[in-house]
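Here's a quick walk through a two-chain model, written for someone who would rather look at geometry than read a long preamble. Have the structure open and follow along.

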Amino acid sequence: MEIKSGLPIERTIKPYLIGLALAVVLTAIPFGLVAAGSLPRQTTLIVIAVLAVIQILVHLRFFLHIDFKTTPRENLVALAFAVVLICIMVGGSLWIMFDLYHRMMV
Amino acid sequence: MSSIADMTISPRDAERYEEKDFGFWLYLMSDAVIFACLFATYLVMVGNAAGGPTPKDVFSLERAAAETALLLLSSTTFGVAAVALSAGERGKVLMWLAVTFLLGAGFIVLEFGEFSGMIAEGAGPDRSGFLSAFFTLVGTHGFHVSVGLIWILVMIGQVFFKGLTAPVASRLMRLGLFWHFLDIIWVVIFSVVYLPGLM
């Protein structure tokens, strides 16, 4: 995608098709694993989490066209800041609540 | 119809579009933070079924897969509309926006059926902490998709009546960001809510 004059120019649907193909694979694997139920619970959860992170990156790259060349720097900074906030809030909430849970159960 | 590449836009307008895109991007990032809070709440509450239905009792793998497929396909068809927009092909833009709308509407119909079925079975948001958190999280996403559908209708109207002008193209680009963003949230929903719930 090129950006001139504030409007995006997308010449081919190729990135969307690549994104779709990757997303289908990255979705089919975790759904298949849960449907089959053959792997241990812990392993399945880890696979689901890793594939979800990869799929988010695929969506950002091929659907939202985020890259390190054409995307304005301030957009990348805002994205990085949001990722930090999300990690602090989700990680912190779970840490506090499950610590509390274990202390109250013992 | 000239393509977006040949459009002449004054530097001042170009700057305004870039500012709007950045502002919208900041909104999306803060929306992501809201969803992160709802995900954290869900993860804390998911074990608290209060003797009522557990995730395994109320979720369906087939329905979650169908909802995922509809949303992913609609993201791709929006991309096709964006490419048609760059080429200045108004008819194609209208057609692919309509296809995107139908796929998104199909998603909402499935989700509405899921929610009303759960409420009818006594698994409504007032049943347990798990269900309150579930309806808040997935309902907030569904609300966003519904707003996106209204936005698609508005843009179909604008493309139809105003044509592919620079302001319309700029709005369609932001609608695309919104629509693809909702698909990312859905990836996290099926990875955090449906798949672990059905194991």
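Residues 76-98 of chain A are 100% helix and 0% strand, with end C-alpha atoms 33 Å apart. Keep in mind that this is a predicted model. That stretch is one of the spans that the unreviewed UniProt entry lists as "transmembrane region"; the others in chain A are 16-39 and 45-64. Here's how two of them look in the coordinates:

| Span in chain A | Helix | Strand | End-to-end C-alpha distance |
|---|---|---|---|
| Residues 16-39 | 88% | 0% | 32 Å |
| Residues 76-98 | 100% | 0% | 33 Å |

Zooming out, chain A has 3 helices and 2 strands, running β-β-α-α-α from the N terminus. With a radius of gyration of 19 Å, well over the 13 Å that the globule rule gives for 106 residues, chain A is more spread out than a compact globule. Its C-alpha trace spans about 60 × 35 × 15 Å along the principal axes. Buried residues account for 21% of the 106 in chain A. If you take the chain A contacts between residues at least 6 apart in sequence, 60% of them join residues at least 24 apart.

The domain assignment splits chain A into domain 1 (1-71) and domain 2 (72-106). Going by C-alpha atoms, the centres of these two domains of chain A are 22 Å apart.

Now for the partner. How many residues of chain A are in contact with chain B? There are 41, and they meet 45 residues of chain B. On the chain A side, strand S2 (7-9) and helices H1 (14-36), H2 (41-63) and H3 (73-105) each supply at least two residues. H3(A) gives the most, with 12 residues. By type, the chain A side divides into 28 nonpolar, 9 polar and 4 charged residues.

The largest nonpolar core has 69 residues. H1 and H2 of chain A each give two or more residues to this core, and so do H1 (11-45), H3 (61-87), H4 (90-120), H5 (129-162) and H6 (166-197) of chain B. The largest share, 16 residues, comes from H6(B). Among the residues with the most contacts inside the core are Ala81(B), Leu85(B), Phe134(B) and Val193(B). If you want one spot to click on, try Val193(B): leaving out residues up to four places away in sequence, Val193(B) touches Tyr42(B), Phe134(B), Leu137(B) and Val138(B).

Definitions and conventions: Residues numbered from 1 in each chain as written. Chains lettered and ligands numbered in written order. Predicted model: local features only at pLDDT ≥ 70, side-chain atom pairs only at ≥ 80, totals over all residues. Contact = placed C-beta atoms within 7 Å. Helix = DSSP H or I, 4+ residues; strand = E, 2+ residues; numbered from the N terminus. Nonpolar A, V, L, I, M, F, W, Y, C, P; charged D, E, K, R; others polar. Core = buried A, V, L, I, M, F, W, Y, C linked by C-beta atoms within 7 Å. Buried ≥ 20, exposed ≤ 12 C-beta atoms within 10 Å, placed from the backbone. Domains from an automatic or database assignment. UniProt positions renumbered as here; feature names shortened; annotations may be inferred. Rg over C-alpha atoms; globule rule 2.2 N^0.38 Å.
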